[in-house]
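Please work through the following exercises with the sequence and the structure side by side, trying each task before reading its solution.

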Amino acid sequence: MSAPVRLRAAAAALACALAGCATGPAQRAEPPLMDITVIGFNDLHGNLEPPRLAVPVPASTGATAVPAGGAAYFASAIAAIKARSPHHAVVSAGDMVGASPLVSALFLDEPTIEAVNRMGIDFHAAGNHEFDKGWRELLRLQRGGCEKHTVREPCQLSQPFEGAKFGFLAANTLQESGRTLLPPTGLKRFTQDGVTVTVGFIGLTLRATPTMVAPAGVAGLRFADEADTANALVPALRAQGADVVVVVIHEGGSTHAPVTEPGCEGLSGDIVPILQRLDPSVDLVISGHTHQSYICDYGRVDPARPFLLTSAGQYGTLLTEIRLGVDPRTRRVARKSARQVIVQGEAFTGSQGAVPLHAGFPVFAPDAGVARIVERYRAAAVPLAQRPVGQASGPFTRRPTASGETVLGNLIADAQLAATRAPERGGAQISFMNPGGVRAELVPDGQGLVRYGQLFTVQPFGNSLEVRSYTGAQLHAVLEQQFDSGTNTVERPRILAVSEGFTYRYDLSRPPGQRVSDLRLHGAPVAPQDVVRVVLSSFLATGGDNFTVFTQGRDAVGGGQDLDAFEAYFRDHSPVAPPRADRIRRAGA
């Protein structure tokens, strides 16, 4: 090599060294990222059997439908994601149980816990429905045992019931002592090439839980602010060695993005104010409650908070596969992405016709162990579920009209009134039904037959009925609470179904306290001083769904179980016709 060439080579090497690069054998590759997969779901609600739902996905000719759900297929989908992801964690963002179909609810949701145990999940953030039967029953589901806290018998098939093999978390659910009812956080560690990365999980129940369940079920508990609680726990998790922080919260929102496409467009809902105050160092937020599906890179909304926000719809129809690439040197997330996995298992025929399997998406085989659990409980429930209760002349839907009332809600209100109208049963004149208590549509079979299992699926909570006296002024006040009480707002009103013979109108352009007018009972005006007998579920009677005025009722008389009243109505009025949904009038609608 000539002198000029040697000089040029030396100069190039010096420049490279100064620039921080390396050459030849001394070059060292960057260590690969550690890939950690978090599998998220929410709002399973005890749907062990396929819920006969389809996931809408975009197609060249418009939206198409993919049949989804069923615990056995759900288990296989989780296993498939785990198989391609050696470092994984599975978490649920609330409402795993509660408002469940008969196969689970008849057995106090023990079947769902047993099925999920087999799926091998890590943590579950308690949602509002976990408190439907009270916090003591929630603790029994976690710890196991056969202590009775409800009208239904525990341990009917499993003796004893072993409880959940995964951790329930509830960081902002506090007892009078100030201690959390359940552990606030959980940790999971992953090791690769001698490097260990720790992921910390914070579980949160939505703060509005006391307004959504019977007050007796949360007596002695306080639900703290979600963002404040999470922010206070982040340093504590870091002190325990957490490199990655995941918030699992039973609160949510919605976006305009299709199910299979990420996007934050139109993000709205009660989750947003929480996100706006959340510690920016949080890496991932797995949400629920609204039964919506979304994957939102929140950094596009707020660059100061670049965490990922996800939700996986409802009833086990979807799983969110979230991939976090962690830098092993800094132990911080360097890359994140997510996709929705449709839990396609079997075709079905519903009220909208046949929904065949879709060749564009994977079809999961049923997990044999979970299938056995489901079948064991299904077989035990069949004799009751298949029992005919009456005839119907058409379907009863939950679709709200312009005024917010529904055909099925009105039917239930009519059934409750019929069960308590007699003087010796309370002398009810009006019935109210909360929309959140109506959990499924009611569609008779081809011969017009309705079965007990269908009624149970519509009303799974096991509430008792109460007849109480209210003044016309109190009725006016409670109807105003549909638009101005807690989470009941003008933007998101909670419209009560009303029984036949009672009517009123409302105008959302008017100020609070003046929106409701023209209350009438069988055509006659209801004056403020009039006293009316009203039948309610025990949930509403104790102020559930923010209807606190209902707690002021007097001269209470018990009216039996809500499901018994529903069944009796079909027995006594078959064939039952869908009632008209014109009892409430909305100005401008």
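**Exercise 1. Determine how strand β1 pairs with strand β4, and place the two strands in their sheet.**

Solution. In this predicted model, β1 (residues 34–41) and β4 (residues 88–92) run parallel and are joined by five bridges. To fix the register, take G40, whose bridge partner in β4 is V91. Widening the view, one finds an open sheet of six strands with mixed pairing, in the order β6-β5-β4-β1-β15-β16. Because β6 (167–169) and β16 (332–342) stand at the edges with a single partner strand each, one side of each has no neighbour in the sheet. From one strand to the next, the twist averages 25 degrees.

**Exercise 2. Work out how the axes of helices α2 and α8 are oriented, and which residues meet.**

Solution. Begin with the axes of α2 (residues 71–83) and α8 (residues 368–385), which come within 8 Å and cross at roughly 160 degrees. Angles over 145 degrees count as roughly antiparallel, and α2 and α8 are therefore roughly antiparallel to each other. The crossing in which α2 passes α8 is right-handed. Finally, turn to the side of α2 that carries A71, A72 and A75, which meet V370, A371 and V374 in α8.

**Exercise 3. Describe the two directions in which the residues of strand β20 point, and identify the partners of the strand.**

Solution. As a starting principle, side chains in a regular strand alternate between the two faces of the sheet. In β20 (residues 430–433), I430 and F432 point one way while S431 and M433 point the other way, and all are buried. Next, consider the pairing: β20 runs parallel to β27 (residues 531–537), with two bridges joining them, and S431 stands opposite V535 in β27. With β23 (residues 497–498), β20 pairs in the antiparallel sense, again over two bridges, and here F432 stands opposite V498.

**Exercise 4. Decide whether T173 is buried or exposed, and list what T173 touches.**

Solution. T173 lies in strand β7 (residues 173–175). Buried means under 20% relative accessible area, so T173, at 0% relative accessibility, counts as buried. Leaving aside residues up to four places away in sequence, T173 touches F131, R179, T180, L181, T205, L221, R222 and F223.

**Exercise 5. Compare the span of helix α13 with the expected value, and find what covers the buried residues of α13.**

Solution. The twelve residues of α13 (residues 562–573) reach 17 Å from the first C-alpha to the last, close to the 16 Å expected at 1.5 Å a residue. Among the buried residues of α13 are L563, F566, Y569 and F570. What covers the buried residues of this helix includes α9 (407–420), α10 (452–458), β22 (464–471) and β28 (554–561).

Notes. Residues numbered from 1 in each chain as written. Predicted model: local features only at pLDDT ≥ 70, side-chain atom pairs only at ≥ 80, totals over all residues. Heavy atoms only, no water. Helix = DSSP H or I, 4+ residues; strand = E, 2+ residues; numbered from the N terminus. Expected span 1.5 Å × (residues − 1). Buried < 20%, exposed > 50% of the residue type's maximum accessible area, 1.4 Å probe, protein only. Contact = heavy atoms within 4.5 Å. Pairing = 2+ DSSP bridges. Axes fitted to C-alpha atoms, helices over the stretch in contact; angles between N-to-C directions. Parallel < 35°, antiparallel > 145°, perpendicular 65-115°, else oblique. Left-handed = near helix turned anticlockwise from the far one by under 90°.
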